[in-house]
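Work through the exercises below with the sequence and the three-dimensional view side by side. Try each task before reading its solution.

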Amino acid sequence: MHLQPGGNETVVFLLPFPDVAQISEYVISVYRPYWILRTETTTCSQKMAGRKVLIIYAHQEPKSLNGSLKDAAVEELGKQGCSVTVSDLYAMQFEPRATRNDIVGCLHNSEEFNYGVEAREAYKRGDLSDDLIEEQKKVQEADLLIFQFPLYWFSMPAIMKGWMDRVLVEGFAHEFPDCYGSGLLKNKLALFSFTTGGSKEMYTKGSISGDIRYLLWPMQHGIMHYCGVKVLAPHICFAPEYVSEEKRKEMLLAWAQRLKSLWKEEPINCSPEWYFE
Ligand SMILES: Cc1cc2nc3c(=O)[nH]c(=O)nc-3n(C[C@H](O)[C@H](O)[C@H](O)COP(=O)(O)OP(=O)(O)OC[C@H]3O[C@@H](n4cnc5c(N)ncnc54)[C@H](O)[C@@H]3O)c2cc1C
């Protein structure tokens, strides 16, 4: 009889062995490789399927390279069985300004407005504006946050910075001393995927723009790590406007390729050394 791995056959042993221990040994020796194979396959696909990814995307033009990078991520992660949500900030006309309008109803202190305090108290009362509650729900559900954007003045576009300012409210994302390692969004991952105008050579230590890692300190460390989120290595497409069509296609393929094994990646070591040494 030929036994298939994963098959449902009932096996009757007709006494080739005198005792149960020998039968067990035989079964283990024959089936062990299949069990291992099956367990590994299941674990690997389970790791990806059912994972929730939130892509926070900031580009005005769907045909831009950022648009294509976002589409590639939606496609690849979808293929893996992940549930992918996109917050397309420009299309949503996301409000980047942190103002009094974010608090519904009465203020905690109507004499002197303090945005941080009012947002924290409104969060506790469930009195933040609907757009913030919606974004916080998406963050809460996500295992991974991908930020996709073009580099603007060594940082993210204002609309995305506004998302950080307004969504990552005290009490929801952090609450001193619950920050960094014990930030309230621990157990989540973040990845900054962005494009630049400058070339890779310009963004090396000692060159005119300095090491690209210097720019990542405020975004990765000051925001994400502060909220407890573990950060995966950034994905950077340098100077897409100044390279050939073929090179841009390679950039998109490299991104899709990286996403295939993303869940096996270890977060970066969140220390000043990673950024500045
Ligand atoms: C306010 C501002 C501040 C800036 N500050 C900085 C800064 O500090 N440092 C810096 O380095 N840069 C800076 N830049 C430049 C900016 O980062 C780049 O212009 C941007 O990153 C380019 O990305 P993109 O998606 O907009 O490119 P796009 O111009 O949209 O894309 C490049 C090309 O890719 C093509 N493309 C799209 N999809 C595909 C596809 N599937 N296959 C092949 N080709 C495709 C597009 O058609 C286009 O021709 C700044 C720009 C602005 C406006």
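Two strands pair if DSSP finds at least two bridges between them. Helices (H or I, at least four residues) and strands (E, at least two) are themselves DSSP runs, numbered from the N terminus. The model is predicted, and local features need pLDDT of at least 70, side-chain atom pairs count only at pLDDT 80 or more, and totals for chains, interfaces and linings use all residues. Residues are numbered from 1 along each chain as its sequence is written.

**Exercise 1. Find the order of helices and strands in the protein chain.**

Solution. Begin with the totals: the secondary structure of the protein chain comes to eight helices and six strands. Then read from the N terminus, where the order of the elements is α-β-α-β-α-α-β-α-β-α-β-β-α-α.

**Exercise 2. Determine which strands pair with β4, and in what sense.**

Solution. Take strand β3 (residues 144-150), which pairs with β4 in the parallel sense over seven bridges; here leucine 145 has alanine 190 of β4 as its bridge partner. Next, strand β5 (residues 230-231) runs parallel to β4 and is joined to it by two bridges, with valine 231 in β5 standing opposite alanine 190. Then turn to strand β6 (residues 235-237), which is also parallel to β4 and is joined to it by three bridges, and in which cysteine 237 is the bridge partner of threonine 195. Finally, follow the connection: β3, helix α5 (residues 158-167) and β4 form a right-handed β-α-β unit, where right-handed means that, with the strands pointing away from the viewer, the path from the first strand over the helix to the second runs clockwise.

**Exercise 3. Decide whether the faces of β4 are buried or exposed.**

Solution. First fix the terms: a residue is buried if 20 or more other C-beta atoms, placed from the backbone, lie within 10 Å of its own, exposed if 12 or fewer, and partly exposed in between. In a regular strand the side chains alternate between the two faces of the sheet. On one side of β4, Leu189, Leu191, Ser193 and Thr195 are buried, and on the other side Ala190, Phe192 and Phe194 are buried, which leaves both faces covered. Because seven of the seven residues of β4 (residues 189-195) are buried, the strand is largely enclosed by the rest of the structure.

**Exercise 4. Describe the surroundings of glutamine 148.**

Solution. Locate glutamine 148 in strand β3. Glutamine 148 counts as buried because 26 other C-beta atoms lie within 10 Å. Now list its contacts (C-beta atoms, placed from the backbone, within 7 Å): leaving aside neighbours within four places in sequence, glutamine 148 touches Ile55, Tyr57, Asn66, Leu69, Lys70 and Ser193. Between glutamine 148 and asparagine 66, which are 82 residues apart along the chain, the C-alpha atoms are separated by 6.7 Å.

**Exercise 5. Work out which residues surround the ligand, and of what classes.**

Solution. A residue is near the ligand if its C-beta atom, placed from the backbone, lies within 6 Å of it. Of the 22 residues around the ligand, Ser64, Pro150, Thr195, Gly197 and Gly198 come nearest. Sort the shell by class, with Ala, Val, Leu, Ile, Met, Phe, Trp, Tyr, Cys and Pro as nonpolar, Asp, Glu, Lys and Arg as charged, and the others, Gly among them, as polar: the result is eight nonpolar, eight polar and six charged residues. Among the helices, α2 (65-79) and α7 (245-260) each supply at least two residues, and α7 gives the most to the shell, with four residues.

Definitions and conventions: Contact = placed C-beta atoms within 7 Å.
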